[in-house]
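Student: I am new to this structure and would like to be guided through it. May we look at the model together?

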Amino acid sequence: YRWSIHYTNSVSSDDVTITNNEPDKANGGPRTRTICGDTHTMEGNIPLVGTAKWIILSGGGSFVDDTNPNTVVTNLAKGWNKFKFEINYKGCPSVDTVSVLNDLPDQAYAGEDDVVCDSKYELKPNNPTHGVGEWRVVEGSAKFEGNFATNLAQGRNVLAWVVQGST
């Protein structure tokens with residue numbers, strides 16, 4: 001662009017150069033994903049202008065190749081993991097964020113087998129930090145009130161502690 005000032009027979013001018021380094025618009029894929037595991041394939045767009053990079057904002061994980069828009073992230077932390085997808089061209093960034101919920105529940109532990117002389121029993125399962133536990137009757141009978149089993153059938157009763165993801 002040229003800026004000019006004209007005054008009678010005199011002219012003063014100056015040039016300015018504007019360089020546009022706008023990168024392609026970053027699109028990291030769906031805003032949120034829920035998975036039941038610790039591995040996920042990211043879904044970023046492949047830029048024509050600029051270079052891509054994935055960055056962990058919160059949670060945890062390891063990228064196979066953080067410069068690949070469609071990289072695999074492994075060892076995802078349980079719970080929410082937030083990632084930034086950035087396309088940068090000559091110092092000009094375009095950014096998108098993606099959250100992945102690793103809803104893999106904790107391993108269930110129902111407690112030790114036992115022999116009782118009563119139709120009620122206090123169960124001692126693990127308390128999952130990820131997921132929700134629930135008692136189920138596999139064989140025999142029981143009614144559950146929290147971690148207490150009542151109305152146990154005479155003889156063998158098999159009770160299952162099932163931990164499922166939170167969603």
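Tutor: Let us begin with a term: buried means under 20% relative accessible area, exposed over 50%, and partly exposed in between, with a 1.4 Å probe and protein chains only. This is a predicted model, in which local features need pLDDT of at least 70 and side-chain atom pairs count only at pLDDT 80 or more, while totals for chains, interfaces and linings use all residues. Residues are numbered from 1 along each chain as its sequence is written, and side-chain values use heavy atoms, with hydrogens and water left out.

Student: Does C92 count as buried, partly exposed or exposed?

Tutor: The relative accessibility of C92 is 29%. Partly exposed covers the range between under 20% and over 50%. C92 therefore counts as partly exposed.

Student: Which class does C117 belong to?

Tutor: The relative accessibility of C117 is 87%. The limit for this class is over 50%, so C117 counts as exposed.

Student: How many disulfides does a search of the whole structure find?

Tutor: A disulfide is a pair of cysteine sulfur atoms within 2.5 Å. By that criterion, the number found in the whole structure is zero.

Student: In what order do the strands of the four-stranded open sheet stand?

Tutor: Strands (E, at least two residues) are DSSP runs numbered from the N terminus, and two strands pair if DSSP finds at least two bridges between them. β8 (residues 79-89) pairs antiparallel with β5 (residues 51-58) over seven bridges, and β8 pairs in the antiparallel sense with β9 (residues 92-102) over 11 bridges. β3 and β9 run parallel and are joined by four bridges. The pairing is thus mixed, and the order is β3-β9-β8-β5.

Student: Why is one side of β3 and of β5 left without a neighbour in the sheet?

Tutor: Strands of a sheet pair through backbone hydrogen bonds, either parallel or antiparallel. β3 (32-35) and β5 stand at the edges, so the reason is that each has a single partner strand.

Student: Which residue is the bridge partner of T32 in β9, and is that residue buried or exposed?

Tutor: The bridge partner of T32 in β9 is S99. Contact means heavy atoms within 4.5 Å; leaving aside neighbours within four places in sequence, S99 is in contact with R31, T32, R33, W80, N81 and K82. At 18% relative accessibility, the class is buried, and the residue is S99.

Student: Which residue takes a positive phi in the hairpin of β8 and β9?

Tutor: Within the paired strands, K84 has T97 as its bridge partner in β9. Two residues lie between the strands of this hairpin. The one with a positive phi, near 50°, is K90.

Student: What is the order of the three-stranded open sheet?

Tutor: β6 and β7 (residues 72-74) run antiparallel and are joined by two bridges, with F63 having V73 as its bridge partner in β7. β4 (40-41) and β6 (62-63) stand at the edges, each with a single partner strand. The order is β4-β7-β6.

Student: Which residues have the most contacts inside the largest nonpolar core?

Tutor: A nonpolar core is a set of buried Ala, Val, Leu, Ile, Met, Phe, Trp, Tyr and Cys residues joined through side-chain atoms within 4.5 Å. The largest one has 13 residues, and its largest share, three residues, comes from β8. The contacts of M42 include W54, F63, V73, F83 and V98. The residues with the most contacts inside this core are M42, W54 and F83.
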